[in-house]
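Here is a short tour for anyone meeting this structure for the first time. Have a look at the sequence and the model, then read on.

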Amino acid sequence: MSHTQTISQNAQIISQNDRVTIELADNGIAHVRFVRTDKMNALDPAMFDAMIEAAQTLATTKGVRVAVLSGEGRAFCAGIDLSNFTNSAESSDRKLETRTHGNTNKFQEVAFQWRRLGVPVIAAVHGVCFGGGLQIASGADIRIVHPETRMAVMEMKWGLVPDMAGYALWRGLVRDDVLRELVYTNREFSGAEAQVLGFATYVEADPLARAMEIAEVIAGKNPDAIRAAKRLQDVMLDEKTDDILMAESLEQDKISRTKNQIEAVMSSMQKRPGVFEDVAV
C-alpha cells in the first residue's frame, strides 16, 4: 500500500483543504492525511488550524471507530516551517501559557488532541519526523514507523525546548535518561532505533499498510469497549491507584450487558464479524 492510496473502495472524503484531507471508510476507519507535500507537511499557522479542525471533525462525526494519521509525499511531518518561525502573529501577541483548548494552548493541542480523541489513533510515519512532527506522532495511541525514517527531538537546535505537549505525551513511552539525552543534544535517530527508544510501537517497511491492518482489527471490536479502554489508558497515567481501580469498575459497569457487549460475545461464539451500533456523538 502506498502513502497515497485510499483506505477503501467505499471511503468518502468528509473534510478536505490544502493542508489536511480526511477519508472515512464504511468500516469506520478515518484516514487523516497531511497533504502539504511541497513543504514536507511542515507546520505553518494554516497547518495548525487544519490539524485542529481535523480532530474536531472526527470527534463530531458519527461512525468513526479508529483514525490513522499519515503524511503524503516525502515526510510524515518535518516540524515547524522555519519560514514562519519568527513572523507568526501567534508568537508575538499571545503568551504560550494562555490555555486556548482546555488544558492546552494551540500548539500543544495539535499534538495532544489525538490522545484526547475518543477513538484510538494510529500514526503511520515515514520520511522525516522532526520536532513538532514527532510530538504529533507521539499523540497517537500507536506509532508504526519506517526503519529509515529520520527522527529527532529538534527544538534544542534552535535554543528552545519541546513545547507541543511532548513531555506530557512521552511520559510512560520513553525512558527518562534516554529522553534527556535526545532533548539536550537534538540527536537524529532512525525509525529502527525509535522502537528501542520508545518512540515507535512497530517498525515496518510499509507503515501505512500495517497501520490499516491494525485499524481494521480495532474497527471490528465493540466501539463502546474500545473507547472505554482508551479512557482507562489515560487514567492509568494520571491517577492514583485507588482511582484507577474505581475507574475500571465504573467503565465495566457501563459496558456490561449492553447490546454491543452482547453482540461481541455472540459474534465471537458464532465466528462472524460483529455488527455493532455506532457510539453517539
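## A165 and its unusual phi

A165 is buried, with a relative accessible area of 9%; buried means under 20%, exposed over 50% and partly exposed in between, using a 1.4 Å probe and protein chains only. You'll find A165 in the loop between strand 8 (150-152) and helix 5 (166-170). Helices here are DSSP runs of H or I with at least four residues, strands are runs of E with at least two, and both are numbered from the N terminus. A165 isn't a glycine, yet its phi is positive, at about 75 degrees. Most residues other than glycine have a negative phi.

A word on the ground rules: this is a predicted model, where local features need pLDDT of at least 70 and side-chain atom pairs count only at pLDDT 80 or more, while totals for chains, interfaces and linings use all residues. Residues are numbered from 1 along each chain as its sequence is written, and side-chain values use heavy atoms, with hydrogens and water left out.

## V145 in strand 7

V145 sits in strand 7 (residues 142-145). Is it buried or exposed? V145 is buried, with a relative accessible area of 0%. Leaving aside residues up to four places away in sequence, V145 touches V125, M151, G191, A200, Y202, V203, E204 and P207; contact means heavy atoms within 4.5 Å. V145 and H126 are 19 residues apart along the chain, but 6.1 Å separates their C-alpha atoms.

## Helix 8

Helix 8 (residues 207-219) has 13 residues, which should span 18 Å at 1.5 Å a residue, and its end C-alpha atoms are indeed 18 Å apart. The expected span is 1.5 Å times one less than the number of residues.

Its buried residues are P207, L208, A209, A211, M212, I214, A215, I218 and A219. What do they pack against? The partners are strand 3 (29-34), strand 4 (66-71), strand 5 (121-125), strand 7, strand 10 (202-203) and helix 9.

## Helices 9 and 10 side by side

Helix 9 (residues 223-238) and helix 10 (residues 241-255) pack at an angle of about 170 degrees, with their axes 10 Å apart. The axes are lines fitted to C-alpha atoms, for helices over the stretch in contact, and angles run from 0 to 180 degrees between N-to-C directions. The two helices are therefore roughly antiparallel to each other, a label for angles over 145 degrees (under 35 is roughly parallel, 65 to 115 roughly perpendicular and the rest oblique).

On the helix 9 side, D224, A225, A228, R231, L232, V235 and M236 meet D243, I244, A247, E248, E251, K254 and I255 of helix 10. The residues of this contact divide into eight nonpolar, no polar and six charged. Nonpolar covers Ala, Val, Leu, Ile, Met, Phe, Trp, Tyr, Cys and Pro, charged covers Asp, Glu, Lys and Arg, and the others, Gly among them, are polar.

## The two sides of helix 10

Which residues of helix 10 are buried? They are I244, A247, E251 and I255. Seen down the helix axis, these buried residues fall within an arc of 60 degrees, so they line one face of helix 10; the arc is that of the directions from the axis to the C-beta atoms. They pack against helix 9 and helix 11 (259-269). On the other side of helix 10, D242 and D253 are exposed.

## Around helix 11

S267 lies in helix 11 and counts as buried, at 7% relative accessibility. K271, in the segment after helix 11, counts as exposed at 76%.
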